[in-house]
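Open the model in your viewer and set it to cartoon. We will move from the whole chain to single residues, one selection at a time.

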Amino acid sequence: MEKIFLSLNELKKINNNLEILKNKELKNIIEEIKQAKILGDLSENSEYHSAKKRKFFIEEKIKSIENILSNSEIIKEKDFKKTIKIKLKDIKNNKIIDYSIGKIQKNKKNYILEDSPIWTILKNKNIGDIIKIKKYNKEKIYEILSIE
């Protein structure tokens with residue numbers, strides 16, 4: 001899994017959510033399972049089966065959060081705002097594409113992480129250079145128009 005960059009505030013929120021899941025929700029669901037077992041025949045006990053499913057989902061959520069935390073790196077808030085903007089022109093159709101490059105994953109169109117293959121191609125290039133980028137199994141040729 002790739003590195004996940006988090007601010008200190010984000011890390012605290014994630015840890016708080018993890019603690020709630022482990023110390024409140026998981027304990028409650030385990031208690032529900034115990035109570036459902038008391039009701040008798042487990043093969044036809046819908047409360048028991050429902051609680052077991054919820055327990056599974058909570059445990060999976062805990063694993064997911066722990067995985068995020070184990071692959072995370074704390075960076076300063078000001079580093080989140082640092083981005084490089086690159087303007088490229090598709091040589092084939094003259095379409096201009098703007099890319100933003102930074103340290104954290106953002107769900108924005110044409111946003112590239114600093115450790116992505118596209119950034120590896122772009123980082124040592126200059127304005128006017130022609131580059132080839134393979135994206136979605138298609139090779140595109142671009143000219144670098146600007147770097148900010």
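Strands, like helices, are runs assigned by DSSP, and they are numbered from the N terminus. Keep that in mind for the first selection: Asp90, which sits in strand β3, residues 83-90. Before you zoom in, note that this is a predicted model.

**Stop 1: the whole protein**

Stay zoomed out and color by secondary structure. The protein has four helices and seven strands. Trace the chain along its sequence. The pattern runs β-α-α-β-α-β-β-β-α-β-β. Now switch on the surface. About 10,600 Å² is exposed, and carbon and sulfur atoms supply 51% of that area. Of the 148 residues, 29% count as buried. Contacts also reach along the chain: among those between residues at least 6 apart in sequence, 50% join residues at least 24 apart.

**Stop 2: Asp90**

Select Asp90 in β3. Is aspartate 90 buried or exposed? Aspartate 90 is buried, because its relative accessibility is 4% and the cut-off for buried is under 20%. Show what surrounds this residue. Leaving aside neighbours within four places in sequence, Asp90 is in contact with Lys95, Lys140, Ile141 and Tyr142.

**Stop 3: the largest pocket**

Keep Asp90 selected, and add Asn93, Lys95, Ile97, Tyr99, Lys109 and Asn110. Then add Lys135, Tyr136, Lys138, Lys140 and Tyr142. Together these residues line the largest pocket. The space inside comes to about 260 Å³. Two elements give two or more residues to this lining: β4 (96-102) and β7 (138-147). Which of them gives the largest share of the lining? That is β7, with three residues. Now color the lining by class. You should find four nonpolar, two polar and six charged residues.

**Stop 4: Asn94**

Select Asn94, in the loop between β3 and β4. This asparagine counts as exposed because its relative accessible area is 52%, and the cut-off for exposed is over 50%. Look at its backbone too. Most residues other than glycine have a negative phi. Asn94 has a positive phi of about 60 degrees, although it is not a glycine.

**Stop 5: the largest nonpolar core**

Hide the pocket and select Ile58, Ile62, Ile65 and Leu69. Within the largest nonpolar core, which has 15 residues, these four touch the most other members. Helices α1 (8-38) and α2 (46-70) each supply at least two residues of this core. The most come from α1, which gives eight.

There is another core, apart from this one. To find this second core, select Ile97, Tyr99, Trp119 and Leu122, which are among its 13 residues.

**Stop 6: Leu26 and its partners**

Go back to α1 and select Leu26. Why does leucine 26 count as buried? Its relative accessible area is 16%, so it falls under the 20% cut-off. Leaving aside neighbours within four places in sequence, Leu26 is in contact with Leu21, Lys55, Ile58, Glu59 and Ile62.

Draw a distance line from the C-alpha of Leu26 to the C-alpha of Ile58. The two residues are 32 apart in sequence, but their C-alpha atoms are 6.7 Å apart in space.

Finish on Ile62. With the neighbours within four places again left aside, Ile62 is in contact with Leu18, Leu21, Lys22 and Leu26.

Terms used. Residues are numbered from 1 along each chain as its sequence is written. This is a predicted model: local features need pLDDT of at least 70, side-chain atom pairs count only at pLDDT 80 or more; totals for chains, interfaces and linings use all residues. Side-chain values use heavy atoms; hydrogens and water are left out. On a 1 Å grid over the protein atoms alone, a cavity is a set of points where a 1.4 Å probe fits but cannot get out, and a pocket is an open set with protein on both sides within 12 Å along at least five of seven lines; lining residues have an atom within 4 Å of a point. Grid points are joined across faces, edges and corners, and a volume is the space filled by probe spheres set on the points. Ala, Val, Leu, Ile, Met, Phe, Trp, Tyr, Cys and Pro count as nonpolar, Asp, Glu, Lys and Arg as charged, and the others, Gly among them, as polar. A nonpolar core is a set of buried Ala, Val, Leu, Ile, Met, Phe, Trp, Tyr and Cys residues joined through side-chain atoms within 4.5 Å. Buried means under 20% relative accessible area, exposed over 50%, partly exposed in between (1.4 Å probe, protein chains only). Contact means heavy atoms within 4.5 Å. Accessible areas come from the Shrake-Rupley method with a 1.4 Å probe; for residues, only the protein chains shown count as cover.
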